[in-house]
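User: Could you take a close look at the inside of this protein for me? I would like to know about any enclosed spaces and about the packing around them.

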Amino acid sequence: MAYQQGYRASPKHRAPRGPAPTMGDPTQLFDDTSAGMPPQHPGGYPSQPGGYPQQGYDMGGFSADSIFTDPMANVAMAYGSSMANQGKDMVSKEIDRFVSINKLKYFFAVDTKYVMKKLALLMFPYTHQNWEVRYHRDSPMTPRHDVNAPDLYIPSMAFITYILLAGMALGIQKRFSPEVLGVCASTALVWMIIEVLALLLSLYLVTVHSELTAFDLLAYSGYKYVGMILTVASGLLFGSDGYYVALAWTSCALMFFIVRSLRMKILATASSEGVVSHNSKNRIRIYITVATAGFQPLMIYWLTFHLIR
């Protein structure tokens, strides 16, 4: 058979031959079955597609799920929770021994109407008639319902305002510095604490069993900051003459307020105990009340005179 010139017959196409079946490598002792195993975790145990160990996998006889199903583990967790609750209760009791949160809330139960009435009473106490604290079911009424009840809101806000006003006065006189302002604040706070401790000690020495608490005395002692604010503001606006006029007014008003308020607390206890008004112990109670009231103008002057020049 003749072929045309230039044409080359293609080789006959053959199907690819697959690998020849082997009878096994004589040097291989075991078959390779790694192709059917799941991917391995770096720790050496099977993992899920995300690379994490399979849930509930037994790692050397220890199951991760056994932590939540083991009765001993549940008992230990319950015991730890009970110990934590007992510790919390102990801390709360220790705090209540020194600072009762419920009593502290009572002194801050105020509203705007009470604050305005109390400030007017502190500046103009001479026309006030009834100074007795009202009670409801053997408990004193909150300050928002009784203007005669002591509170800690006005003293705390007045203390902060006094510090800010002192900083402004020092700044006007080119004498402001953080150290001077810190000394002013710490001095006022320390003197108030000393005053309260001295009054508590005096009442203890004369065996006065009254309803006055440390919070009550702290409130009555802190009312002086209202007068201090008015005194410093008058000195900044009207000079030394305005300072001394405001000092005289606020001192007399605060003394009158302290005597009438503490008199209802201290002397009322003496009358309920059957103490005669001419008794020596009752006279000591009167002296303590007057001394507490007379100490307020001295503190107002001591803490404000250096701010006016």
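Analyst: Happy to help; here is a walk through the cavities, the helices around them and the nonpolar cores. Please keep in mind that this is a predicted model.

Let's begin with the overall layout. The chain has nine helices and four strands, and their order along the sequence is β-β-α-α-α-α-β-β-α-α-α-α-α. Of the 309 residues, 31% are buried. If you take the contacts between residues at least 6 apart in sequence, 71% of them join residues at least 24 apart.

Now to the enclosed spaces. Counting those of 30 Å³ or more, there are two cavities. The largest cavity has a volume of about 60 Å³. Its lining is made by Glu195, Val196, Leu199, Leu217, Tyr220, Ser221, Ile258, Leu262, Thr292 and Gln296. Four helices each supply at least two of the lining residues: helix 6 (178–205), helix 7 (214–222), helix 8 (224–272) and helix 9 (280–304). By class, six of the lining residues are nonpolar, three are polar and one is charged.

The second largest cavity holds about 50 Å³ of space. Around this cavity you will find Leu122, Met123, Tyr223, Lys224, Val226, Gly227, Thr250, Ala253, Leu254 and Ile300. Helix 4 (112–123) and helix 8 are the elements that give two or more residues to this lining, and helix 8 has the largest share, with six residues. The lining of the second largest cavity divides into seven nonpolar, two polar and one charged residues.

Helix 6 and helix 4 deserve a closer look. The 28 residues of helix 6 should span 40 Å at 1.5 Å a residue, and the end C-alpha atoms are 41 Å apart, so the two values agree. Along helix 6, the buried residues are Cys184, Ala185, Ala188, Met192, Glu195, Val196, Leu199 and Leu203. Among them, Glu195, Val196 and Leu199 also line the largest cavity. After helix 6 comes Thr207, which has a positive phi near 55°.

Helix 4, with twelve residues, reaches 17 Å from its first C-alpha to its last, close to the 16 Å expected at 1.5 Å a residue. Its buried residues are Tyr114, Val115, Lys118, Leu121, Leu122 and Met123. Leu122 and Met123 belong to the lining of the second largest cavity as well.

That leaves the packing itself. In soluble globular proteins, nonpolar side chains tend to be buried together. Here the largest nonpolar core has 47 residues, and those with the most contacts inside this core are Tyr162, Tyr223, Tyr225 and Phe257. Two or more residues of this core come from each of helix 4, helix 5 (153–172), helix 6, helix 7, helix 8 and helix 9. Helix 8 gives the largest share, twelve residues. Tyr223 also appears in the lining of the second largest cavity.

Tyr225 is a good residue to click on in your viewer. Apart from its neighbours within four places in sequence, Tyr225 is in contact with Pro155, Ala158, Phe159, Tyr162, Ala188, Leu189 and Met192. One of these partners, Tyr162, is likewise listed with the most contacts inside the core, while Ala188 and Met192 are among the buried residues of helix 6. There is also a second, separate core of six residues, which includes Tyr106, Phe107, Leu152 and Phe215.

Terms used
Residues are numbered from 1 along each chain as its sequence is written. This is a predicted model: local features need pLDDT of at least 70, side-chain atom pairs count only at pLDDT 80 or more; totals for chains, interfaces and linings use all residues. Side-chain values use heavy atoms; hydrogens and water are left out. On a 1 Å grid over the protein atoms alone, a cavity is a set of points where a 1.4 Å probe fits but cannot get out, and a pocket is an open set with protein on both sides within 12 Å along at least five of seven lines; lining residues have an atom within 4 Å of a point. Grid points are joined across faces, edges and corners, and a volume is the space filled by probe spheres set on the points. Ala, Val, Leu, Ile, Met, Phe, Trp, Tyr, Cys and Pro count as nonpolar, Asp, Glu, Lys and Arg as charged, and the others, Gly among them, as polar. The expected span of a helix is 1.5 Å times one less than its number of residues. Buried means under 20% relative accessible area, exposed over 50%, partly exposed in between (1.4 Å probe, protein chains only). A nonpolar core is a set of buried Ala, Val, Leu, Ile, Met, Phe, Trp, Tyr and Cys residues joined through side-chain atoms within 4.5 Å. Contact means heavy atoms within 4.5 Å.
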